[in-house]
Amino acid sequence: MKRIYYLALEKNNLDRFYNLCLNYFSELNKYKKDWEVLFDFLKDKVDVIIIDEFQNLIKEDKNILSIFQNIVDNILKNSKIKLIIIGSSISMIKSKVLSYKSPLYGRRTLSYKLKPISFFDLKEFFPDKNILELIEIYGFADGNPYYLSKINGNFWEWLDKELKEKTFILDEVDFFMRYEFENPSLYKSILEAISFGKNTIKEIKDYIKVERTDLSPYLKNLIEVELIKRIVPIDQKINSRLGKYYINDNFIRFWFRYIYPNLSSIEEGIFDINNIKNDYNRYLGYVFEDIAKQFLIKSKIFKFTKIGKWWYKDKEIDLVAYNENTKDIYLIECKYSDNVNPKEILENIKEKSKYINLDIKNKYYIIFAKSFKERIKEDNLYLFDLKDLEKYL
């Protein structure tokens with residue numbers, strides 16, 4: 001199969017694409033440097049053309065979408081060539097390529113959104129690492145193959161070296177946010193607040209010290225580009241006023257919790273990696289909840305039709321899974337700690353569960369921990385520690 005892969009940059013894309021094609025076909029030097037001319041030349045000579053970071057073409061040339069409309073409609077119409085467009089800017093791909101108003105609307109054969117790798121597939125990247133190390137890595141990289149592929153050797157030694165050498169970690173999020181927002185400063189402050197557990201609008205406002213600014217449009221935009229998500233308690237409707245905001249991706253959450261507030265000291269070379277290590281177990285509490293959720297879905301031990309978080313006033317349960325058909329409910333607490341006392345947690349869950357506003361027939365209790373002080377046995381109680389989870393890696 002003959003294919004051409006082109007990674008679009010911020011400038012001179014036509015020149016760069018032309019020179020790339022020239023490497024494959026020297027006779028191209030007789031042709032005009034023009035997108036439509038180039039595609040007309042290539043249509044019978046290659047099977048696949050891949051253009052990555054397509055949003056850079058859009059930013060450079062406002063007419064590029066109309067040009068590609070003509071390429072697709074007329075030049076490639078009767079050819080067997082496959083044109084693959086890839087972009088990392090969710091907002092631009094949605095609005096400029098996939099939306100109804102786009103010149104390219106209705107011309108796609110297939111669209112596919114790449115999802116992160118599951119925690120339980122990380123062993124494929126790191127076959128020699130135990131579950132504790134994998135959780136630490138997942139808290140940093142999430143399931144992003146690019147970040148995972150960067151990690152080499154001991155995670156903490158690698159991270160320390162990366163920060164001292166000021167590699168991709170420092171400017172990765174800035175690079176991304178410049179694509180999505182013209183003025184990202186307030187967005188960054190909001191993401192920092194959420195990374196530190198400020199999940200309501202009031203908590204976010206108090207953290208970033210703004211009073212009169214309406215954060216709603218900013219939060220809406222962050223949801224649109226899938227940096228954050230709005231979650232309501234599992235027993236509430238989607239439009240409930242009880243919604244809270246959470247960062248979607250562990251790397252973004254890690255960056256705004258540990259990198260963004262410490263950019264100056266990292267740049268000056270005085271940042272101590274122990275500042276992250278000393279806080280990391282606390283940070284991993286939310287990550288552990290996500291891993292537990294993935295386990296419950298993957299293992300299929302329990303039958304439920306929806307799963308989410310629950311809270312009511314000052315009461316909160318980490319995860320609640322509910323079967324809308326059988327009315328069975330699974331009440332789940334996740335403690336990223338050793339020697340957890342399951343009796344104490346069980347009593348706590350039972351008390352809080354009285355306030356859940358769902359039609360419940362049977363209650364089941366599930367506790368996740370790094371390890372337990374003792375493995376008690378009670379009806380409808382299930383305990384899972386890291387050894388249990390490791391079996392599913």
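How much space lies in the second largest pocket? In this predicted model, the volume of that pocket is about 560 Å³. The points below describe the lining of the second largest pocket and an open sheet of 3 strands.

**Lining of the second largest pocket**

- The lining comprises 25 residues.
- Those nearest the centre of the pocket are Arg-253, Arg-282, Gly-285, Tyr-286 and Glu-289.
- Sorted by class, the lining holds 10 charged, 9 nonpolar and 6 polar residues.

**Elements that supply the lining**

- Helix 15 (274-299) is among the elements that each supply at least two lining residues, and helix 15 gives the most, with 7 residues.
- Two further helices, helix 10 (185-195) and helix 13 (250-259), also supply at least two residues each.
- Strand 5 (244-247), strand 7 (315-322) and strand 8 (328-335) likewise each supply at least two residues of this lining.

**The open sheet**

- The 3 strands of this sheet follow the order 1-2-3, and their pairing is parallel.
- Strand 1 (3-7) and strand 3 (82-85) are the edge strands; each has a single partner strand, so one side of each lacks a neighbour in the sheet.
- On average, neighbouring strands of the sheet are turned by 10° against each other, with direction ignored.

**Pairing of strand 2 with strand 3**

- Strand 2 (residues 48-52) runs parallel to strand 3, and 4 bridges join the two.
- Ile-51 stands opposite Ile-85, a residue of strand 3.

Note on methods
Residues are numbered from 1 along each chain as its sequence is written. This is a predicted model: local features need pLDDT of at least 70, side-chain atom pairs count only at pLDDT 80 or more; totals for chains, interfaces and linings use all residues. Side-chain values use heavy atoms; hydrogens and water are left out. On a 1 Å grid over the protein atoms alone, a cavity is a set of points where a 1.4 Å probe fits but cannot get out, and a pocket is an open set with protein on both sides within 12 Å along at least five of seven lines; lining residues have an atom within 4 Å of a point. Grid points are joined across faces, edges and corners, and a volume is the space filled by probe spheres set on the points. Helices (H or I, at least four residues) and strands (E, at least two) are DSSP runs, numbered from the N terminus. Ala, Val, Leu, Ile, Met, Phe, Trp, Tyr, Cys and Pro count as nonpolar, Asp, Glu, Lys and Arg as charged, and the others, Gly among them, as polar. Two strands pair if DSSP finds at least two bridges between them. Axes are lines fitted to C-alpha atoms, for helices over the stretch in contact, and angles run from 0 to 180 degrees between N-to-C directions.
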